[in-house]
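Work through the following exercises with the sequence and the structure at hand. Try each task before reading the solution below it.

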Amino acid sequence: MNKNSNNFVVKLILCFLLCIGINNLCNAQVLNIDRENETDTVFHKFKAFCTFSFSNEKQKKKLIDFINTNEADYFLKNNYIFIFLSQVDLAFNGPIVNENNGFFQLRFRDNDKRKVSPDIFTQYQWNGIQGMEYRALAGINARFKWLEKSKSDLYTSIGVFYENEKWNPFLGSFAYKTDSLYIVYRNMLRLNLTAKFALKLGKSIDYVGSTFLQFPLNNNFTNPRWVFDSNLYFVINKYLSFKIHFDYNLDNFRPLPIDTYYYSLTTGIQIKI
């Protein structure tokens, strides 16, 4: 089988995966700005990316599932950037809300030019299935460049953030209802340790992964929240890519009696604007 035939088979498999894509919650924190496979070498002061997945199925009631992820990058003259990242995941079974999850994030950081630089961020998120009505946080990291090559890179950071949460077991989409639960408000500082790595696996394939360890700065310091987030991209052209996303989070310090471990796998189409 020649090279062109191999490429066609790969794209055909990806199309199939896209059609049967598993659509669950994914708090996607991996940024397109961190990829090693840049399809457009011309400098742009502003870049935007949009990934979406949608399904509409008629059963006893109409099942609708919609996932949308957006990223907008604004480049400054001094090699710093503003990054806006958002995701919304909605699922309906007729008038019943099965899922209502998402987040909005804004951050200011270096554009991979300095060995040590600040990383300032704020985020608002919600997760109806888990009973998290909202989580608002803001913080700052010191970001370190360990490796920056044409086909790979590695960055780590250490910092602190403050989070304010409301957990509400009476939300319509909450999946763990019992009679004994009550609303919980929680505020704390967390120590934040992160690592980000990227690999260019081929001319049109690249991978980006991030991991986060977030320690409560209180008596529960030994119960950190651990998150892993990754994207595998298959570039079709400078405007279109297929994306496979996988993430998981492990947290033994949850205020409601829900599972300690969650994961998700999604596929979708990404459009570069």
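A nonpolar core is a set of buried Ala, Val, Leu, Ile, Met, Phe, Trp, Tyr and Cys residues joined through side-chain atoms within 4.5 Å. The model used here is a predicted one.

**Exercise 1. Describe the overall make-up of the chain and say how far the model can be trusted.**

Solution. Begin with the secondary structure: the chain holds 1 helix and 12 strands, and along the sequence the helix comes before the strands, in the pattern α-β-β-β-β-β-β-β-β-β-β-β-β. Next, turn to burial, where 45% of the 273 residues count as buried. Then consider the contacts between residues at least 6 apart in sequence, of which 57% join residues at least 24 apart. Finally, check the confidence: the average pLDDT is 84, and 81% of the residues score at least 70, but over residues 8-27 the pLDDT stays under 50. Where pLDDT is low, the predicted coordinates should not be read in detail.

**Exercise 2. Which residues make up the largest nonpolar core, and what does Trp-167 touch?**

Solution. First list the 9 members of this core, which are Met-132, Trp-167, Leu-171, Phe-174, Leu-181, Val-184, Leu-256, Ile-258 and Tyr-262. In soluble globular proteins, nonpolar side chains tend to be buried together. Now follow Trp-167, whose contacts beyond four places in sequence include Met-132, Val-184, Leu-256 and Ile-258, and also Gln-130. Gln-130 sits in the loop between strand 5 (116-127) and strand 6 (132-148), and because its relative accessible area is 7%, under the 20% limit, Gln-130 is buried.

**Exercise 3. Find the residues of the nonpolar surface patch, and decide whether Phe-82 is buried, partly exposed or exposed.**

Solution. The patch, of about 650 Å², is formed by Phe-46, Tyr-74, Phe-82, Phe-84, Phe-104, Leu-106 and Tyr-124. At least two of its residues come from strand 3 (80-93), and at least two from strand 4 (96-110). Phe-82 belongs to strand 3, and because its relative accessible area of 38% falls between the limits of 20% and 50%, Phe-82 is partly exposed.

**Exercise 4. Trace three salt bridges, and state for each which strands the two partners belong to.**

Solution. Take the pair Glu-133 and Lys-166 to begin with, whose side chains meet at 3.4 Å, N to O. Glu-133 lies in strand 6 and Lys-166 in strand 7 (residues 152-167), so this salt bridge ties together parts that are 33 residues apart in sequence. Glu-133 is partly exposed at 28% relative accessibility, whereas Lys-166 is buried at 14%.

Continue with Arg-225 and Glu-163, a salt bridge in which the closest N and O atoms are 3.0 Å apart. This pair links strand 10 (residues 225-235), which holds Arg-225, to strand 7, which holds Glu-163, across 62 residues. Arg-225 is buried at 6% relative accessible area, and Glu-163 is buried at 0%.

The third salt bridge joins Glu-165 and Arg-186 at 2.9 Å, N to O; Glu-165 is in strand 7 and Arg-186 in strand 8 (residues 184-202), 21 residues apart. Both Glu-165 and Arg-186 are buried.

As a last step, place these pairs in context: a network of salt bridges links Arg-135, Glu-163, Glu-165, Arg-186, Arg-190, Arg-225 and Asp-251, and the count of salt bridges comes to 12.

Methods
Residues numbered from 1 in each chain as written. Predicted model: local features only at pLDDT ≥ 70, side-chain atom pairs only at ≥ 80, totals over all residues. Heavy atoms only, no water. Helix = DSSP H or I, 4+ residues; strand = E, 2+ residues; numbered from the N terminus. Buried < 20%, exposed > 50% of the residue type's maximum accessible area, 1.4 Å probe, protein only. Contact = heavy atoms within 4.5 Å. Patch = residues over 30% accessible without salt bridge, like charges linked within 9 Å, V, L, I, M, F, W, Y side chains within 5 Å. Areas by Shrake-Rupley, 256 points an atom, 1.4 Å probe, with all protein chains shown as cover. Salt bridge = Lys/Arg side-chain N within 4 Å of Asp/Glu carboxyl O. pLDDT = per-residue confidence, 0-100.
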